[in-house]
Amino acid sequence: MTFRVPGPHPPGGGRPVVLPRWPKFVVPTVLIIVAAAILLAIIAGIWTDFLWYRSVHQTRVFGTTYGTKWLLFAITGLFMTVVVGSNIWLAYRLRPDVVPGGADHQGVEAYRQAIDPHRRGVMIVLLGLIALVTGLAAASNWQTWLLFVNRVPFGQKDPQFHLDISFFVFDYPFLRMALSFLFAAVLLALILAAAVHVLYGGLRLARRARPSRGAKAQLFVLAGIFVALKAAAYWVDRYGINFSQRGVVQTGASYTDVHAVLPAKTVLAVIAVICAVLFLAGAARRSPLLPAIGFGLLVLSAVLIGGVYPFIIQQFVVGPNQQVKERPYISREIGSTRTAYAVDGAQVVRYPASATQPRAALAKEAAAVPDFRLQDPDISSAAFQQLQQVKGYYHFAGVLAMDRYVFGPTPVPQDTVVGVRDMAGPPAGQVNWINTHLIYTHGYGFVAATAAQTQPNGNPNFIEGDIPPSGQLDLTQPRVYFGHEGANYVIVGGRQPELDYPNESSGGQHNNTYHGGGGVPVGSFGDRLLFAVKFRELNILISGAIDSSSRILYVRDPLARVQKVAPFLTLDGDPYPVVVGGQILWVVDGYTTTNDYPYSKRISLDQTTSNTYSPGGLATGRSGEVNYIRNSVKATVNAYTGAVHLYQWGKASPILQSWKKSFPGLILPKSEIPSQLMPHLRYPEVLFDAQRQILSQFHVLDPASFYGGQNFWAIPDDPTVPGNIKISQPPYYMTLSMPGAAPPQFSLTTLFTPRNRPNLAAYMAVNSNPLSLGYGQITLLQLPQDTAIPGPQQVQNNFEATTAASEQLTLLRHGGSKVTLGNLVTVPLGGSLLSVEPVYVSASSAASSGSYPQLKKFFTFYYYGGSIGGQVGFGDSLAQALAQVFGSAGQAPGGTGTGGTGGHVSAAVLQFLAQAEKDYNNAQAALRTGNLGQYYQDILQMKAALDQARNAAAPAKSGSGGTKPTGSPSPVPSPASRAPSPSASASHSP
């Protein structure tokens with residue numbers, strides 16, 4: 001069938017152009033198919049979600065979340081449809097009986113003629129789109145609604161309005177949300193009603209044209225309602241000054257907010273009510289005069305009262321005497337912030353930072369420190385990978401976890417570095433659907449090594465590992481079906497046997513069939529169809545390896561599983577594995593947060609938790625800006641069954657109580673935590689990161705001192721990071737004794753430096769042992785402000801400036817080895833501070849692809865204070881390095897034994913070392929160009945320069961070994977501590 005296109009005939013005459021005509025049923029059929037596909041995808045997503053929640057026995061969470069979203073979607077969509085649709089209908093009913101003509105209306109008339117025959121369809125589509133968009137927006141705010149309807153009081157009042165904190169956390173966000181939708185409804189109704197009046201002539205765009213009486217009445221009423229809503233918004237915004245960031249108060253009402261903005265909002269609310277009445281009066285009188293007066297009054301008031309008046313108060317009242325005027329408001333912020341971040345109970349202890357004991361007593365105390373954290377979890381991962389990976393398809397996390405286990409003859413828990421042998425996927429060249437999703441389904445094994453000891457060759461001292469597992473932790477179920485790595489879904493329990501672990505006696509591998517009970521049955525055709533749609537994979541539907549006993553495991557990452565069960569929690573992004581009852585459990589810390597706590601400083605969790613171990617930040621889920629945080633939940637995920645359990649931790653915060661009302665039975669009481677799990681719980685790092693960020697300023701309690709900021713601290717950069725990269729030093733888990741406390745406790749520690757200064761200001765630790773009465777107690781050791789105590793970067797400079805160390809490290813770095821500096825940990829000792837840093841050595845990557853860091857050297861630094869200053873130790877063992885700092889039989893501190901410290905490096909030594917560095921770089925350049933003769937000459941010159949440096953340093957060795965750091969110690973030229981070293985081939989002569 002064809003149709004003719006009107007228009008001119010083809011050149012030269014002939015028949016008109018004839019185009020094919022689609023049959024009438026093609027377009028509707030395509031639309032039906034597209035709609036059916038979209039509907040099937042939606043049904044597949046919802047139904048498979050329900051099946052997942054049913055598999056973890058949390059269908060009530062599914063019902064509450066989906067039910068709330070659908071309810072908000074329906075109510076908001078219906079409300080918007082009624083408000084907007086009724087105004088469109090009313091505008092159409094109020095149209096003039098005769099459509100006006102004239103040249104000015106011709107363009108509009110063309111649109112009217114095109115739309116009018118299809119006005120019902122256009123209206124249905126338009127209202128449907130409005131309902132869809134606004135309904136989805138409302139559904140995304142389901143958590144705000146649930147917190148509002150299930151709110152509980154905080155039992156504390158804000159300092160400005162004397163309202164319970166719950167009003168600002170629960171009510172205020174809901175009121176703002178409700179106002180935003182009311183504004184949207186009235187504004188859309190106003191715009192679309194005006195469009196209908198223009199379309200049908202009730203409102204003309206010509207200069208002198210008068211609108212119809214009906215158009216004026218309707219639009220004035222809608223404008224009056226909009227202004228009335230603005231009055232309500234002004235009134236609600238009065239409470240928003242508690243989150244103002246004006247002036248020196250970082251979050252909260254300042255002097256200007258209280259004495260200018262607050263009364264201005266009140267006056268503007270009254271004026272807006274008056275203006276709304278004028279608009280309604282104008283609608284009744286059919287006169288634009290009163291609405292025009294109201295509109296002008298509202299705009300003028302907003303500019304003068306809402307803008308100019310606060311500006312004048314800030315500039316001419318507050319500015320000249322800001323410290324006095326802002327003092328009470330700074331005090332409010334200090335108190336509220338410390339409460340919101342749970343640091344109001346932190347103990348501040350004046351610490352002398354100078355030795356209070358003789359050297360022999362210090363040496364004895366240092367020997368009694370249970371853990372110096374010699375195994376850096378970041379660096380040790382490579383050793384775990386090389387020594388315990390077994391096969392290339394297994395993988396360990398880039399940063400391992402710290403935990404405690406009781407093993408060996410002593411009943412005391414010992415710090416351990418732990419990791420899970422997770423499944424990375426099929427080997428290269430073997431990647432296909434069956435291998436990825438049916439055979440390589442799970443990881444295998446748990447590996448642990450002591451944090452404070454190593455083997456004689458520098459390898460980790462493993463207490464659990466190997467395949468099959470062997471060790472001291474009684475691991476009976478080593479299979480890891482739910483972990484960080486591997487495919488997003490696997491299908492298990494069917495005809496296809498799974499790879500369990502490599503085993504030469506079983507034909508190269510030992511097979512396994514899953515019997516953990518986790519996942520969702522996928523034997524029926526309907527379920528297979530829905531999962532095929534969900535994962536966009538046809539093989540799920542047609543594969544013969546899937547039978548009635550098959551189960552599909554998806555949402556396998558521990559973080560994702562907890563987030564799905566408890567979407568209202570902010571989660572610690574570093575879950576750690578523990579062995580409990582012979583099985584592997586993942587422990588996830590959950591936080592209740594808000595950014596609506598009055599007068600509490602807001603921080604970005606992403607930036608606050610960014611450090612060497614987690615450059616992108618640790619917090620996941622409801623992260624972003626917060627100004628209140630509690631570690632309210634400890635969650636576990638069984639690595640074999642996938643079972644998820646959430647336990648209340650500590651006293652339930654009001655936010656957690658609201659969520660418990662929203663999801664009854666989801667969060668179990670603390671008493672149900674398994675007794676074997678309790679010793680492995682710890683103080684969470686995200687909370688500690690937030691608290692150390694807050695305490696860097698809010699340890700200052702006096703408003704005048706806070707205003708000046710001279711005592712503010714900073715979190716130091718990690719001195720072991722290569723190059724000029726500036727990133728915060730992470731907090732460190734380790735067992736130590738704080739001054740005046742006994743016995744040693746598993747703790748989380750960090751350092752502070754004065755703002756914009758490299759020296760040390762304070763030491764912070766929190767008790768991380770859940771079995772002790774002091775769990776969660778924060779202690780701040782505040783150091784003297786009149787003494788320049790070396791900070792981390794200065795200590796690191798002292799390490800590298802020590803003669804013996806600089807020589808040995810230079811030779812290692814230039815001899816085909818890679819030197820990696822481990823975590824610089826600091827512990828209080830004998831009235832001062834002792835720092836320890838492990839030094840790892842590995843073959844360069846060019847020399848050996850199987851290279852991994854081995855612990856070979858140790859740095860120590862102790863600050864004695866006074867005229868002695870600090871002393872550096874460097875040796876092949878920790879005991880040797882400590883002996884150089886504290887002294888030992890037959891050797892005075894700072895002696896000339898192996899690894900002797902020496903004093904500051906002289907200018908001559910630095911000059912010779914710089915020349916050696918230059919000669920080495922020249923040798924590398926000659927080698928790259930193939931000039932072996934020049935390369936040989938440069939290597940000889942480098943050796944000569946190193947010999948001269950050694951000879952120049954010899955007199956310094958015979959003197960005092962004390963190193964008294966200054967504010968800016970002299971650095972030594974050396975490659976970045978963690979940068980790859982030159983290839984091994986460069987160190988050999990041709």
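Which strands does helix α12 (residues 377-388) lie across, and at what angle does the helix run to β10? In this predicted model, helix α12 lies across β5, β6 (414-420), β9 (446-454) and β10, and the angle to β10 is about 60°.

The strands crossed by the helix belong to an open sheet of five, arranged in the order β5-β6-β9-β10-β11 with antiparallel pairing. The edge positions are taken by β5 (401-405) and β11 (470-471); each has a single partner strand, so one side of each is left without a neighbour in the sheet. For β11, two antiparallel bridges link the strand to β10 (residues 460-465). E464 has G471 of β11 as its bridge partner.

At the level of the whole chain, 25 helices and 37 strands are assigned. The chain comprises 990 residues, of which 53% count as buried. Among contacts in the chain with a separation of 6 or more, 69% are accounted for by residues 24 or more positions apart. The accessible surface amounts to about 42,100 Å², and carbon and sulfur atoms contribute 59% of this area.

A further site of interest is P558, which is found in helix α16 (residues 558-565). With a relative accessible area of 0%, P558 falls under the 20% cut-off and is therefore classed as buried. Beyond the neighbours within four places in sequence, P558 is in contact with F482, G483, H484, W586 and V637. The C-alpha atoms of P558 and T636 are 8.2 Å apart in space, while the two residues are 78 residues apart in sequence.

Key. Residues numbered from 1 in each chain as written. Predicted model: local features only at pLDDT ≥ 70, side-chain atom pairs only at ≥ 80, totals over all residues. Heavy atoms only, no water. Pairing = 2+ DSSP bridges. Helix = DSSP H or I, 4+ residues; strand = E, 2+ residues; numbered from the N terminus. Contact = heavy atoms within 4.5 Å. Axes fitted to C-alpha atoms, helices over the stretch in contact; angles between N-to-C directions. Buried < 20%, exposed > 50% of the residue type's maximum accessible area, 1.4 Å probe, protein only. Areas by Shrake-Rupley, 256 points an atom, 1.4 Å probe, with all protein chains shown as cover.
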